[in-house]
Amino acid sequence: MQIKRIIGVVGVSDSLFPGADEWWAIVGRVFLELFPKAQFSVERQLYFPWQTHLMRSYASDIRDRHGHDGVNTMLFGHSLGGLVACEAALTMPNVQALLTMCTPHRLAFLWDVGTRSTVPLVAIAGTKDQFISPGLIEGAGVTVVRAPIGHFPLFSDTSGKELAQQIFAEAYAALPHVH
């Protein structure tokens, strides 16, 4: 199965973080090196952790735009965007894989969002994450890849880009049947 599209799903702080656009651009370039025949885009919506209805609406918007066109897709969610990505994947038959970073999967029940997806899921746990401890990422059905990163890893310099390549390559290798 070949991935043709990768959609980045932002978390709460992504919209507030001053370097978020540059961060997502670097993430996109790294993904396109791993998936050279794919397209990368980022879906954005401002929401806060207590706004479950907006998280569901965000997932629904992603489904409406990308869910039924037959293009083999991987969703990549950062922080709570990972739960939104899992929620969107519930009814997107074209989603072949889910990759999340710094997402509290173990707490998904608090929002009742993204808890029932059957799509292969690999979660990157930042061992230096100041918001989401690796213990909150582990859960049933989640393959965890640990990385020496904080909540917003700095991928902007050369060594950071190399770290991003290493982390995403390891996570990619953990995804079953996706290439």
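Where does Leu175 sit? Leu175 is in the segment that follows helix H4, residues 158-174. Helices here are DSSP runs of H or I with at least four residues, strands are runs of E with at least two, and both are numbered from the N terminus.

Before I go on, some housekeeping. This is a predicted model, where local features need pLDDT of at least 70 and side-chain atom pairs count only at pLDDT 80 or more, while totals for chains, interfaces and linings use all residues. Residues are numbered from 1 along each chain as its sequence is written, and side-chain values use heavy atoms, with hydrogens and water left out.

On confidence: pLDDT is the predictor's confidence in each residue, from 0 to 100. The chain averages 83, and 88% of the residues score at least 70. Among the elements, E1 has the highest mean at 96, and H4 the lowest at 80. As a general reminder, where pLDDT is low, the predicted coordinates should not be read in detail.

Back to Leu175. Is Leu175 buried or exposed? Leu175 counts as buried because its relative accessibility is 4%. For the cut-offs, buried is under 20% relative accessible area, exposed is over 50%, and partly exposed is in between, with a 1.4 Å probe and protein chains only. Leaving out neighbours within four places in sequence, Leu175 has contacts with Met74, Ala97, Leu98, Pro120 and Val122; contact means heavy atoms within 4.5 Å. Then there's Leu99, 76 residues away in sequence, with a C-alpha to C-alpha distance of 8.5 Å from Leu175.

Now the sheet. Six strands make an open sheet, ordered E2-E1-E3-E4-E5-E6, and the pairing is parallel. Two strands count as paired if DSSP finds at least two bridges between them. At the edges are E2 and E6, the latter being residues 143-147, and each of these pairs on one side only. On average, neighbouring strands are turned by 20° against each other, direction ignored. Those angles come from axes, which are lines fitted to C-alpha atoms, for helices over the stretch in contact, and they run from 0 to 180 degrees between N-to-C directions.

Have a look at the E6 edge. E5, residues 121-126, runs parallel to E6, and five bridges join them. One residue to click on is Gly126, whose bridge partner in E6 is Ala147.

Next, helix H3. H3 covers residues 80-89 and lies across E1, E3, E4 (95-101) and E5, at about 150° to E3. How many residues of H3 are buried? It's 10 of the 10, so H3 is largely enclosed by the rest of the structure. The cover over those buried residues includes E1, H2, E3, E4 and E5.

Cys86 is among the buried residues of H3, with a relative accessibility of 2%. Cys102 is buried too, at 0%. How many disulfides does the structure hold? Zero, where a disulfide would be a pair of cysteine sulfur atoms within 2.5 Å.

What about salt bridges? The structure holds three, taking a salt bridge as a side-chain nitrogen of Lys or Arg within 4 Å of a carboxyl oxygen of Asp or Glu.

Let's start with Arg5 and Asp69, whose closest N and O atoms are 2.8 Å apart. That pair links distant parts of the chain, 64 residues apart: Arg5 is in strand E1 (5-9), and Asp69 is in the loop between helix H2 (52-66) and strand E3 (73-78). Arg5 is buried at 10%, whereas Asp69 is partly exposed at 40%.

Then Asp21 and Arg44, with closest N and O atoms 3.1 Å apart. Here Asp21 is in helix H1 (20-34) and Arg44 is in the loop between E2 (39-43) and H2, 23 residues apart. Asp21 is exposed at 56%, and Arg44 is partly exposed at 43%.

The remaining pair is Glu43 with Arg65, at 2.5 Å, N to O. Glu43 is in E2 and Arg65 in H2, so this salt bridge ties together parts 22 residues apart in sequence. Glu43 is buried at 10%, and Arg65 is partly exposed at 46%.

One last residue, His66. His66 is in H2 and is buried at 13% relative accessibility. Which residues does His66 touch, not counting those up to four places away in sequence? They are Arg5, Ile7, Glu43, Met92 and Asn94. Two of those names came up in the salt bridges: Arg5 pairs with Asp69, and Glu43 with Arg65.
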